[in-house]
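Good morning, colleagues. Please take a moment to look at the sequence and the model on the screen before I begin.

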Amino acid sequence: PVLFDFGFKEAIKTLARILQSKHKIPIQAFFSGEMDDLDAEFKIILYRNIKELIHNAIKHARAEKITLRAENSSSEFWIECHDDGIGFDAKTCLHESPSQEGFGLFDIREKLSHLGGSLLIDASPGQGTSVRMLVPLNLRN
């Protein structure tokens with residue numbers, strides 16, 4: 001309900017506060033550009049993807065800090081989730097037949113593809129993880 005009553009930015013901030021309180025992990029969120037001129041499908045998909053990424057960082061990466069950054073420019077919308085956790089081998093994670101562990105990222109990639117977007121992962125064992133979701137805005141009009 002927060003997503004539609006108060007907007008995308010407030011929904012992400014609320015999600016971060018709830019998960020930070022529940023798991024005792026600092027979660028910071030930074031925003032640049034207008035966040036609420038996005039269509040409903042776009043906001044729902046990105047919100048669910050962000051929630052999945054935060055849960056992955058908490059559950060699998062054993063992160064001690066999570067940072068979210070979102071930017072809406074005139075040509076693209078991107079959001080990045082960075083954690084300081086244990087990392088993983090990103091090269092093997094997004095193959096065509098996802099394993100039980102890789103299904104969440106596979107699902108995120110598929111949802112972004114539906115929006116004309118892409119998923120970029122920068123991770124390696126012991127180095128934390130940065131996941132960037134990018135959607136060109138000219139396709140959303």
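I shall go from the overall fold to the core and then to a few individual residues.

A word on the source: this is a predicted model, in which local features need pLDDT of at least 70 and side-chain atom pairs count only at pLDDT 80 or more, while totals for chains, interfaces and linings use all residues. Residues are numbered from 1 along each chain as its sequence is written, and side-chain values use heavy atoms, with hydrogens and water left out.

Let us begin with the fold. The chain has five helices and five strands; these are DSSP runs, H or I of at least four residues for helices and E of at least two for strands, numbered from the N terminus. Their order along the sequence is α-α-β-α-β-β-α-α-β-β.

What are the overall dimensions? The C-alpha trace spans about 40 × 35 × 25 Å along its principal axes. The radius of gyration is 14 Å, which agrees with the value near 14 Å for a compact globule of 141 residues. That radius is taken over C-alpha atoms, and the globule rule is 2.2 Å times the number of residues to the power 0.38.

Of the 141 residues, 42% are buried. Buried means under 20% relative accessible area, exposed means over 50%, and partly exposed lies in between, with a 1.4 Å probe and protein chains only. A contact means heavy atoms within 4.5 Å. Among contacts between residues at least 6 apart in sequence, 64% join residues at least 24 apart.

I turn now to the interior. The largest nonpolar core has 36 residues, and those with the most contacts inside it are Ile50, Ile54, Ile66, Phe77 and Met133. Such a core is a set of buried Ala, Val, Leu, Ile, Met, Phe, Trp, Tyr and Cys residues joined through side-chain atoms within 4.5 Å. Which element gives the most to this core? Helix 3 does, with eight residues. Among the elements that each supply at least two residues are helix 2 (8-23), helix 3 (40-59), strand 2 (66-72) and strand 5 (129-136).

Isoleucine 66 deserves a closer look. Setting aside neighbours within four places in sequence, isoleucine 66 is in contact with ten residues' worth of surroundings that include Ile25, Ile27, Ile54, Ile58 and Cys81.Leucine 68 lies in strand 2. Is leucine 68 buried or exposed? At 2% relative accessibility, leucine 68 counts as buried. Leaving out residues up to four places away in sequence, leucine 68 touches residues including Ile12, Phe30, Ile50 and Ile54. The C-alpha atoms of leucine 68 and phenylalanine 31 are separated by 8.4 Å, although these residues are 37 apart along the chain.

Asparagine 56, in helix 3, also counts as buried, at 18% relative accessibility. Beyond neighbours within four places in sequence, asparagine 56 contacts Ala61 and Leu105.

Finally, two loop residues. Lysine 24 is found between helix 2 and strand 1 and is exposed at 68% relative accessibility. Its phi is near 55 degrees, a positive value in a residue other than glycine. Arginine 62, in the loop between helix 3 and strand 2, likewise has a positive phi near 55 degrees. The relative accessible area of arginine 62 is 57%, so arginine 62 is exposed.

Thank you for your attention.
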